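Got the viewer open? Keep the selection box handy, and we'll go stop by stop.

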Amino acid sequence: NDDGIANPGETIDLWATVRNVGAQTATGVSGALSTTTPGITILNATAPWANIPPGGQGTNTAALRFQVGSNVADGTVITFTLTMTDASGSRQMPLSYTAAAPKLAHYWHRVQDAATGNGNGVIDPGEVVLVPVTLSNRGGQAAASVTAQVTSASPHLTVLEGTATAA
């Protein structure tokens with residue numbers, strides 16, 4: 001969504017600017033991206049860089065690309081190793097990003113039985129009640145198109161309309 005944050009389901013193009021701290025021009029520069037973080041798929045693991053003069057910096061000329069799985073949880077630290085190679089050898093550079101995702105939790109509910117029951121706010125035998133539920137999002141990304149489903153394992157309770165959707 002172009003917010004600069006790794007969110008579940010996103011495909012991200014990674015542009016890495018590196019500095020040549022050596023005394024010679026870095027030639028034949030390339031980088032290889034790897035990760036062991038579950039739920040992350042590397043789609044384009046290698047990219048070239050132009051030659052980088054001493055003290056200069058350069059950015060990859062083709063994107064490194066990875067995808068964040070839909071099951072990656074809010075706050076997951078995604079760790080990468082960027083192995084930079086040039087004519088003089090290879091160096092490993094650690095990179096990390098923190099994923100942001102919605103993290104929904106029950107916040108509040110109440111029993112409404114004024115229109116369909118006796119109005120005492122308690123679920124009584126044989127009574128039909130409404131139970132509005134409010135959720136909170138404790139995650140780092142807004143939740144959109146949320147669908148909630150209520151079920152009951154009790155033989156004494158029947159859920160008549162157990163699905164709700166919020167935009």
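Select R65 to begin: at 34% relative accessibility, this side chain is partly exposed, because that value falls between the 20% and 50% cut-offs. Bear in mind as you click around that this is a predicted model.

Now add D13 to the selection. The side chains of R65 and D13 form a salt bridge, at 2.5 Å from N to O. R65 sits in strand β7 and D13 in strand β1, so the contact ties together parts that are 52 residues apart in sequence. D13 is partly exposed too, with a relative accessible area of 36%. As background, side chains of opposite charge can pair when their charged atoms come close.

How many salt bridges does a search of the whole structure find? The count is two, so there is one more stop of this kind, because R91 and D86 also satisfy the 4 Å criterion. Select R91 and D86: their side chains meet at 2.9 Å, N to O. Colour these two by accessibility. R91 is partly exposed, with a relative accessible area of 39%, whereas D86 is buried at 14%.

Next, the greasy part. Select I40, W49, L64, F66, V68 and I78. In the largest nonpolar core, which has 21 residues, these six touch the most other members. Three elements give two or more residues to this core: β1 (11–14), β7 (64–68) and β8 (77–86). Which of the elements gives the most? That is β8, with four residues. In general, nonpolar side chains tend to be buried together in soluble globular proteins.

Stay on V68 and show what surrounds this residue. Leaving out residues up to four places away in sequence, V68 touches A6, N7, P8, G9, E10 and I12, along with G39, I40 and I78. Two of the names from the core selection, I40 and I78, turn up again in that list.

Last, switch to cartoon and pick strand β3, residues 30–35. What does β3 pair with? One partner is β5 (residues 46–48): the two strands run antiparallel and are joined by three bridges. To see a matched pair, select G31, which stands opposite A47 in β5. Another partner is β8, also antiparallel to β3, with six bridges between them. Here the pair to click is L33, standing opposite L82 in β8.

To finish, leave β8 highlighted: this strand pairs with β3 and gives the most residues to the core.

Key. Residues numbered from 1 in each chain as written. Predicted model: local features only at pLDDT ≥ 70, side-chain atom pairs only at ≥ 80, totals over all residues. Heavy atoms only, no water. Core = buried A, V, L, I, M, F, W, Y, C linked by side-chain atoms within 4.5 Å. Buried < 20%, exposed > 50% of the residue type's maximum accessible area, 1.4 Å probe, protein only. Contact = heavy atoms within 4.5 Å. Pairing = 2+ DSSP bridges.
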